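Visitor: Please take a close look at one strand of this model. Tell me what surrounds it and what else belongs in the picture.

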Amino acid sequence: MATSTTNDRKRLYISPATLTWIGFIGICITIGLVSALAVFWNGLYITNMTDSVPWGLWITIDLSAIALGAGAFTLSAVVYLFGLKRFQPIVRFAVFVGFIGYSTALLTLVMDIGRPDRFWHPWVYWNIHSVLWEITWCITIYLTIMLVEFAPVIAESHFFDRYPWVRQGAKYLHRLAPMLALIGLAISLLHQSSLGATYGIVKSRPIWFKPSMPIMFILSAIAVGPALTMALAIIAKWVTGKKSVPDDILRSIARFSGFALLIYGYIRFWDLAAVTYYGRTPSVSEAFNLLRQQTPYNFSFWVFEIFLGVFLPAILFLVPRFNRNPGYLVMGALFAVTGIVINRWNVTVGGLFVPLSYSPGTIYQLPPGKYFPGLPEWGVAIGIIGYGLAMLTLGIRYLPLFSKEEHS
Amino acid sequence: MSKKKTKIKLELTRRDFLIVGGTAAGSVVVAQFLTTGPLSPFASFKQQQVEGGEDAGSLITGHRWGMVINLDKCIGCEYCLRACSATNDVWVDIPSENNSPENKRPEKPWNIVVEEKTSTGTPFFFSRPCLHCADAPCVEVCPVKATNHREDGLVVMNYDRCIGCRYCEIACPYDARKFNWQERTDVNPYIPTWGIAEVERRPRGVVEKCTFCIHRIDAGLKEGFMPGEDLEATPACVNICPVGARVFGDLNNPNSKVSQAIETEATIRLREELGTEPSVYYVIPKEGL
């Protein structure tokens, strides 16, 4: 009797830390829901976006979340296509993180469009010339692929003990994993880069219009996506105290990420050299001058995007003295993630800050597109982060994300 | 010595020969097909939009609507702005009333009129409707085909389909598009002095822009009026202009007012280097730009 009561007690017991965490997530989500309702009710009028800066914080979140979800396709491809079975133990978790990233992006996208009730239009009314149409399709297809990839994990949870046929089906689905990884790779290669193309093809915007845009987007995603997965696996280990993924795998991912970051930095270097030093076309120079004079673009570019976002994480990921310590790996991932978010912000808002010029005369100039997110925009952003954290917490707590039984 | 033993021998079996030769021949055929065949994707995709406006369109309706704006004649009276805002019921902030610095989002007209100077310092007035590009960036980027080319070259909006992603606003090089950030509650100050609303107000959350008064063109043609010649079928901004700085008509018809103006005057189009092929031509000031 005595033992059973203590057992019951144990089950109900929630530590103060857990309670604080749940409370924190709850507050975030509440703020998000209130802001979202306000936006749906009043329209985008209550945001700080304008006709000259029609995209802002939310698009930055979309782009960042999708880039950060890139760990899923990268690590799936590594295991199922390149045959590096050693990385098997992290694939489930990577797909889970990817799923959170992509669902986050879709949620924010629905907030961002003027007619959320018509969110389904891209699937019915096709414009095959539009990169945004292609991205919408790819994101939805990829979300489905991740769900199918992930179905066996959900089927393994205790809830399905009673339904063996679900497990049977899931097992069958699992055999599709290599094929799903292949499709996932193809689709990801398409949309991760087309997100950059969304900007790169707009010929009227001087600092966007360049062919390097898609390449830089996909490279940074491949570099930072796995790093985030790695860092979250380490944090999960810290919090739960259980073994998650073997350390040597995490270290290998960090090293991979470090090299990818350096390649990304290398491409960025040539992009910068070609555009500003060698190219120096009048419109581009003018645009960069404006950004330098009137915004912290230059500072945030060098400090957050390049030094803290590329070089520092690359050092932490590659130098043995640092990458043996999980603490440095998490720190490196944090900096890399910040770098990528700042990069997406700089691309979006920086590009829109530069006014269009089309008048045949000499004096008429549109004012620079000033933008800083308003309260509802921050609120939705906080809610979205809360959603991500809630999903992570629930997944780590209730799903067998790190079990290794599929090794054989 | 051991190297000699493992020397690679190049033995070409019939099977290998067929595979290599077949691949090579196949790629030549595919390359040829892709560059010149009907599937040459990028070239033909790009041309489609233009052809929709010029060739295919001229076969079906025979028209391609365009406008010529004479910068030399324009006196900057803003009548076109007002008539446009009344006729199409566009939300425009009157500068004195709503242009305070706190107004973060001034409502811009479809048709702007601004003061300008040439490079030599001569003042002139510049106005800009939607340019109805033959190769419009906005049409290309729209994910749902809510904005598209009509056969007569007009770039039209489908307000029932637009999802309000605002990509077209970002892609338009001429700042011609306007998003409805909120439900309209304003009283249009230009009605009825400058005309009456001939079209519905657009709902919240969609993008809108100048239509070349498409409702007049369509209704007018049905009743036998010729846009550009008869007032009933001509855009409001053209009709109201007190100095005749704007002319409208069929670019495909060599005798139309627009074709005549383009033939006889020195005209330019805005940012021609972008390859957007606008349907609006500007007669430049006599002193040059």
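Guide: What follows starts at one strand of chain B and then widens to the chain and its contact with chain A. Keep in mind that this is a predicted model.

Start with strand 8 of chain B, residues 246–250. Five of its five residues are buried, so strand 8 is largely enclosed by the rest of the structure. Buried here means that 20 or more other C-beta atoms lie within 10 Å of the residue's own. Strand 8 of chain B has a partner: strand 1 of chain B, residues 65–70. The two run antiparallel, and five bridges join them. One facing pair is Met67(B) and Phe248(B), the latter in strand 8.

Now the whole of chain B. It holds ten strands and eleven helices. Of its 289 residues, 42% count as buried. Take the contacts in chain B between residues at least 6 apart in sequence: 63% of them join residues at least 24 apart.

Next, the contact between the chains. Chain B puts in 45 residues and chain A 35. On the chain A side, helix 6 (121–124) and helix 7 (131–156) each supply at least two residues. Helix 7 of chain A gives the largest share, three residues. By type, the chain A side splits into 17 nonpolar, 14 polar and four charged residues.

Last, a helix in chain A. Helix 15 covers residues 326–353, 28 in number. From first C-alpha to last it reaches 39 Å, close to the 40 Å expected at 1.5 Å a residue. Helix 15 of chain A is mostly covered, with 21 of its 28 residues buried.

Technical notes: Residues numbered from 1 in each chain as written. Chains lettered and ligands numbered in written order. Predicted model: local features only at pLDDT ≥ 70, side-chain atom pairs only at ≥ 80, totals over all residues. Contact = placed C-beta atoms within 7 Å. Helix = DSSP H or I, 4+ residues; strand = E, 2+ residues; numbered from the N terminus. Nonpolar A, V, L, I, M, F, W, Y, C, P; charged D, E, K, R; others polar. Expected span 1.5 Å × (residues − 1). Buried ≥ 20, exposed ≤ 12 C-beta atoms within 10 Å, placed from the backbone. Pairing = 2+ DSSP bridges.
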